[in-house]
Amino acid sequence: MRLVHGGQSIAAAARTLGVVEQTLFNWVKADRLGKLTGADSKAVSAEQMEISRLRAELARVKMGRDILGKATAYCAKAQS
């Protein structure tokens, strides 16, 4: 929220945080309406937002790892 409130665009802030742009847009909209809550209707803490960001980053890293593994296997097979 601080990035967007500080003047950064939602798209740029989403890339920085590693979350989907639509998700950040929804969070900002809920914050503006005073309805930003977690799954259990408690306010979303900075820690919860960080966990979401880290989970998204982990998913991207795993996908990159899997792609590199497949590319390595393909290249090794092509050289044989």
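# Reading a predicted two-domain chain

User: Where should I begin, and how far apart are the centres of domain 1 and domain 2?

Analyst: The centres of domain 1 and domain 2 lie 22 Å apart, taken over C-alpha atoms. Keep in mind that this is a predicted model. The domain assignment places domain 1 at 1-38 and domain 2 at 42-79.

User: Next, the core. Which residues make up the largest nonpolar core?

Analyst: The general idea comes first: in soluble globular proteins, nonpolar side chains tend to be buried together. In this model, the largest nonpolar core has 11 residues: V4, I10, A13, A14, V19, L24, W27, V28, A30, L36 and M49. Two or more of these residues come from each of α2 (10-17) and α3 (21-32). With 4 residues, α3 gives the most to this core.

User: W27 catches my eye. Is W27 buried or exposed?

Analyst: W27 sits in helix α3. W27 counts as buried because its relative accessibility is 18%, and the cut-off for buried is under 20%. It is also useful to set W27 beside M49, another member of the core. The two are 22 residues apart in sequence, and their C-alpha atoms are 9.9 Å apart in space. By the domain assignment, domain 1 covers 1-38 and domain 2 covers 42-79, so you can place each of the pair for yourself on the structure.

User: How do I read α3 as a helix? What span does α3 reach from its first C-alpha to its last?

Analyst: α3 reaches 16 Å over its 12 residues, close to the 16 Å expected at 1.5 Å a residue. Just after α3, G34 takes a positive phi of about 75 degrees.

User: And which residues of α3 are buried?

Analyst: They are L24, W27, V28 and A30. Looking down the axis of α3, you find these buried residues within an arc of 165 degrees, so they line one face of the helix. The cover over them includes α1 (2-5), α2 and α4 (46-79).

User: Now the charged side chains. How many salt bridges does a search of the whole structure find?

Analyst: The search finds 3 salt bridges. A helpful idea for reading pairs within a helix is that an α-helix has 3.6 residues a turn, so residues three or four places apart point the same way. In helix α4, E50 and R53 are 3 residues apart, about one turn of the helix. E50 and R53 form a salt bridge, with 2.8 Å between the closest N and O atoms. R53 also meets E57 in a salt bridge, at 3.0 Å from N to O. R53 and E57 are separated by about one helical turn because they are 4 residues apart in helix α4. Together, E50, R53 and E57 are linked in a network of salt bridges.

User: Within that network, is R53 buried or exposed?

Analyst: R53 is buried, at a relative accessible area of 17%. Its partners read otherwise: E50 counts as partly exposed at 35% relative accessibility, and E57 is partly exposed with a relative accessible area of 33%.

User: Which side chains meet in a salt bridge at 3.1 Å, N to O?

Analyst: Those are the side chains of D66 and R65. D66 counts as partly exposed at 37% relative accessibility, whereas R65 counts as exposed at 52%.

Key. Residues numbered from 1 in each chain as written. Predicted model: local features only at pLDDT ≥ 70, side-chain atom pairs only at ≥ 80, totals over all residues. Heavy atoms only, no water. Domains from an automatic or database assignment. Core = buried A, V, L, I, M, F, W, Y, C linked by side-chain atoms within 4.5 Å. Buried < 20%, exposed > 50% of the residue type's maximum accessible area, 1.4 Å probe, protein only. Expected span 1.5 Å × (residues − 1). Arc of directions from axis to C-beta. Contact = heavy atoms within 4.5 Å. Salt bridge = Lys/Arg side-chain N within 4 Å of Asp/Glu carboxyl O.
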